[in-house]
Each structure stands twice: as structure tokens, then as C-alpha cells.
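Me: I should like to go through this structure by asking, for each description, what value stands behind it. Please set each value against its criterion.

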Amino acid sequence: MSFDLQQLLRPHIAALKPYSSARDEYSGNEGIFLDANENPLGSITGQAYNRYPDPYQSQLKQKLADIKNVSSERIFLGNGSDEAIDLLFRAFCRPGIDNVIIMPPTYGMYEVSAGINDVPVRKVPLTPDFQLNPEEVLAAVTAATKIIFICSPNNPSGNKLLRESILTVLRGFQGLVVVDEAYIDFSDEPSFIHALDEFPNLLVMQTLSKAWGLAALRLGMAFASREIIAILNKIKPPYNISGLTQATVIKALGNTDKLEQMIEEIRVQKEQLRLQLEKTAGVEKVYPSHANFFLVKVPHAKSVYQQLITKKIIVRDRSGVYHCGDCLRITVGNKAENEQFIRALQEILATPIASGLEN
Ligand SMILES: *Cc1c(COP(=O)(O)O)cnc(C)c1O
């Protein structure tokens with residue numbers, strides 16, 4: 001199958017003349033800068049926030065390029081992964097005309113972002129054990145299908161999708177295949193970043209919000225061909241990553257020891273949590289997880305969810321989601337948090353009257 005990026009792109013985006021920022025027009029570091037209407041006196045906090053940040057985050061991308069072993073021209077940085085998702089819709093999907101394919105149950109933002117952009121969504125559910133059926137996915141492709149979103153490890157089920165199934169979709173589809181690897185750092189699976197050379201239609205998303213512990217800074221990454229990344233750069237808001245985020249992340253990226261330590265600690269706590277969940281009377285199923293959370297089936301999940309809240313423990317009620325009837329999604333907490341959660345869950349499930357109440 002041949003992949004023609006220009007054919008895929010919305011024509012007005014191809015023709016668009018992007019905003020040219022002051023920092024685009026002069027990118028040197030030295031001189032008297034009277035070009036961006038900044039405050040020459042400094043900032044109200046006393047910290048050096050008065051100058052606009054690097055619109056292309058060159059220094060940060062160079063560091064990421066080294067860590068991810070991919071050229072910096074193949075990295076796009078967004079204000080969270082959600083920005084990259086939105087930009088993909090705007091670049092490739094004509095509202096009301098083009099469509100995308102998602103595989104429920106999966107991350108909710110694909111569908112919300114499609115809705116915001118008035119792009120129809122075709123749904124090909126995962127199997128009951130949350131695997132991708134590549135033949136069904138490819139059969140759902142129409143002439144107007146532009147993007148297929150694959151999430152692996154998948155949220156909310158937690159499992160990784162079979163690599164071979166993802167490869168079948170990549171080989172069989174002429175549009176863009178997004179592989180969302182938000183949880184890859186918790187998995188033993190190699191990243192699809194290494195497959196970018198082989199598949200010009202592949203875009204891999206990762207984030208600093210989970211394993212790196214930087215959710216508040218909002219930094220999502222997309223990895224793809226130079227051409228795809230250039231399109232995202234062309235249409236993004238010019239200064240989409242704040243200077244504070246850039247500076248903080250540049251420093252943080254050096255500390256991969258701490259990252260490894262945290263991943264290991266979460267792995268240990270996760271294993272402990274799984275054992276405790278499996279020992280808990282009433283828990284019907286703990287789904288296999290390659291992420292930092294578990295999908296867990298309990299009787300009367302909505303009621304259990306509400307009762308946990310009265311004990312000030314907040315989990316995610318996924319019982320309304322496809323294939324997830326009576327399921328809660330539980331993030332692996334720290335040791336003390338997990339112990340409190342298990343105690344609360346055991347109390348709730350041991351009380352037949354309370355757990356018998358719906359809602
Ligand atoms: C948490 C999560 C993200 C991360 O989103 P950010 O906007 O980068 O915080 C992306 N995809 C999935 C599937 C997630 O669960």
C-alpha cells in the first residue's frame with residue numbers, strides 16, 4: 001500500500017501560510033530585542049519570564065532526541081498529548097466528510113477531539129479480552145478514513161495490544177496510524193518509535209504525564225516522519241510549550257535514575273496491589289495490566305465506587321464503557337494509599353446489604 005501524505009492532508013492546510021513569530025524571523029540569542037513587544041524591565045515575579053520561549057523547543061527536543069534515539073526533526077511537542085491529537089484532526093480531517101477509526105474501550109479524548117472537530121468516528125470494538133482485531137479494523141476503513149487511533153498499553157483496560165495486530169493495521173492502511181504509548185514506560189514492550197523508518201504512515205505518541213510524573217507541566221510528544229512533524233509544527237500555536245515547562249523539563253530529563261527508581265517502585269506496588277486485589281473476596285476479575293493501573297470487575301461497581309468516595313478514596317468508574325460492565329479503573333498509588341484502598345474495598349465488598357444497593 002502506498003502512503004501519500006500530500007493526498008491525505010487537507011488542501012487548505014497545504015496552502016496555508018503559517019504565522020511567522022518574532023523568533024522565527026530572527027532566531028539569534030544576542031542583541032537588543034525590540035521585536036516582540038515584550039517587557040524590557042523583567043517580569044512581575046522577578047524571574048526571567050519576560051521573553052517569549054523558543055517556539056520550536058530546540059534544546060528540549062535535542063535532549064529528547066538523545067533519550068529516544070530519534071532525530072529531533074521527528075519530534076513534535078504539544079501542550080499535553082491532547083494538543084497533538086487535536087492538531088491531527090485539524091490537519092487531516094475535513095469536518096463532516098472525513099472519518100477516523102477508534103477501538104472502544106479506549107482513551108476518551110480521541111472521540112471528544114473528533115467531536116470538537118465535527119469528524120465522524122467509526123468504532124471497531126476490541127475483543128472481550130481487549131485485543132485488536134486487525135481484519136475488522138481494516139474492513140471498517142472507507143475512502144474517507146484518515147486516521148486510525150491505537151492505544152497500547154490500552155486505557156482503560158491496561159493491556160498491551162499484540163504487536164503483530166498493530167503491524168497488520170500499519171501495513172494495510174493508507175492513512176495515518178496513531179499508536180498512543182502513554183503507558184509504554186511501564187511495559188516491557190519495545191516502543192513503535194523504532195518502526196518509524198519502516199512506516200511513513202506511523203505516528204507514535206508518548207507523554208511526560210505518567211511515568212515521568214510531570215502531568216502538571218503538560219508535555220506530550222509525537223514522533224513521526226519529518227514531513228508529518230513539519231505539518232504539526234506549521235499549524236500549532238507558535239509558543240505552545242511555556243518557557244517554564246521547557247526549562248524544567250530540560251533539567252528533569254537528565255535524571256533518568258530517578259525515573260527508573262519510580263518505575264520500579266510503581267512496579268513493586270502494582271504487583272502487591274494485584275495480589276491483594278486477587279485475594280479480596282468479591283473481586284471478580286483483575287485484568288492483566290502493562291500500565292500503572294488495573295481494570296477490576298466487582299459486583300455493583302457503581303455502588304462500590306460511591307462507597308469508596310464516602311471513604312475519601314477516588315477511583316474511576318468505567319462501568320458504563322464498552323466491555324467494561326461493573327469495572328473500576330484503579331491507579332497504582334503509593335504503598336500507604338494502596339493499603340488504605342484495599343482495606344476500604346474489603347469492607348465494602350464484605351457488606352452484602354450495602355454492596356447490593358444499586359447507585
Ligand atoms: C494519560 C494519557 C495520555 C496523556 O495525556 P497528556 O495530555 O499528555 O497528559 C495520553 N493518552 C492516553 C491513552 C492516556 O491515558
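Reply: One may begin with Pro 156, which is found in the loop between β4 (145–151) and α8 (163–172). Please keep in mind throughout that the model is predicted.

Me: What kind of peptide bond joins Asn 155 and Pro 156, and what is its omega?

Reply: The bond between Asn 155 and Pro 156 is cis, and its omega is about 15°. A further cis bond runs from Pro 104 to Pro 105, with omega near 0°. Pro 105 belongs to the loop between β2 (99–102) and α6.

Me: What makes the phi of Asp 118 worth noting?

Reply: Phi of Asp 118 is near 55°, a positive value, and the residue is not a glycine. Asp 118 sits in the loop between α6 and β3 (121–123). His 323 also has a positive phi, about 65°, although it is not a glycine. The loop that holds His 323 lies between β10 (316–317) and β11.

Me: Why is His 323 called partly exposed?

Reply: The relative accessibility of His 323 is 30%. Buried would require under 20% and exposed over 50%; His 323 therefore counts as partly exposed.

Me: How do you know whether Ser 225 is buried or exposed?

Reply: Ser 225 has 11% relative accessibility, and the limit for buried is under 20%. Ser 225 therefore counts as buried. This residue is found in the loop between β7 (220–223) and α9 (226–235). Beyond its neighbours within four places in sequence, Ser 225 is in contact with Arg 74 and Pro 200.

Me: Which class does Pro 299 fall into, and why?

Reply: Its relative accessibility is 25%, which lies between the limits of 20% and 50%. Pro 299 therefore counts as partly exposed. Pro 299 lies in the loop between β9 and α12 (301–310).

Me: How far apart are Pro 299 and Leu 349 in sequence and in space?

Reply: Pro 299 and Leu 349 are 50 residues apart in sequence, while their C-alpha atoms are 8.2 Å apart. Leu 349 is also one of the residues in contact with Pro 299 when neighbours within four places are left aside; the others are Gly 282, Glu 284, Val 304 and Asp 326.

Me: Why is Ser 113 called buried?

Reply: Ser 113 has a relative accessible area of 2%, and buried means under 20%; the residue is therefore buried. Ser 113 is part of helix α6 (residues 109–116). Apart from residues up to four places away in sequence, Ser 113 touches Ile 85, Asp 86 and Phe 89.

Me: What supports calling Gln 206 buried, and which polar contacts does its side chain make?

Reply: At 3% relative accessibility, Gln 206 is under the 20% limit and therefore counts as buried. Gln 206 is placed in strand β6 (residues 202–207). A polar contact requires N or O atoms within 3.5 Å. The side chain of Gln 206 meets this with the side chain of Lys 68 at 2.7 Å, and with that of Ser 191 at 3.3 Å. Leaving aside neighbours within four places, the residues in contact with Gln 206 include Ser 81, Glu 181 and Phe 223.

Me: How do you know that the span of α11 agrees with expectation?

Reply: Helix α11 (residues 256–279) has 24 residues and reaches 35 Å from first C-alpha to last, close to the 34 Å expected at 1.5 Å a residue. Buried residues of α11 are Leu 259, Ile 263, Gln 269, Lys 270, Leu 273 and Leu 277. These pack against β8 (285–286), β9 (293–297), β11 (327–331) and α13 (335–350).

Me: Which residues come nearest to the ligand, and how is the shell around it made up?

Reply: Of the 13 residues around the ligand, Asp 180, Tyr 183, Ser 209, Lys 210 and Arg 218 come nearest. The shell divides into 4 nonpolar, 5 polar and 4 charged residues.

Me: What distances separate oxygen atoms of the ligand from polar atoms of Ser 81, Ser 209 and Arg 218?

Reply: A ligand oxygen is 2.8 Å from a polar backbone atom of Ser 81. For a side-chain N or O atom, the distance is 2.6 Å at Ser 209 and 2.6 Å at Arg 218. The protein covers 94% of the 390 Å² of accessible area that the ligand has on its own.

Note on methods
Residues are numbered from 1 along each chain as its sequence is written. This is a predicted model: local features need pLDDT of at least 70, side-chain atom pairs count only at pLDDT 80 or more; totals for chains, interfaces and linings use all residues. Side-chain values use heavy atoms; hydrogens and water are left out. Helices (H or I, at least four residues) and strands (E, at least two) are DSSP runs, numbered from the N terminus. The expected span of a helix is 1.5 Å times one less than its number of residues. Buried means under 20% relative accessible area, exposed over 50%, partly exposed in between (1.4 Å probe, protein chains only). Contact means heavy atoms within 4.5 Å. A residue is near a molecule or strand if one of its heavy atoms lies within 4 Å of it. A polar contact is a pair of N or O atoms within 3.5 Å; within protein, one must be able to donate a hydrogen and the other to accept it, and residues adjacent in sequence count only if both atoms are side-chain atoms. Accessible areas come from the Shrake-Rupley method with a 1.4 Å probe; for residues, only the protein chains shown count as cover. Ala, Val, Leu, Ile, Met, Phe, Trp, Tyr, Cys and Pro count as nonpolar, Asp, Glu, Lys and Arg as charged, and the others, Gly among them, as polar.
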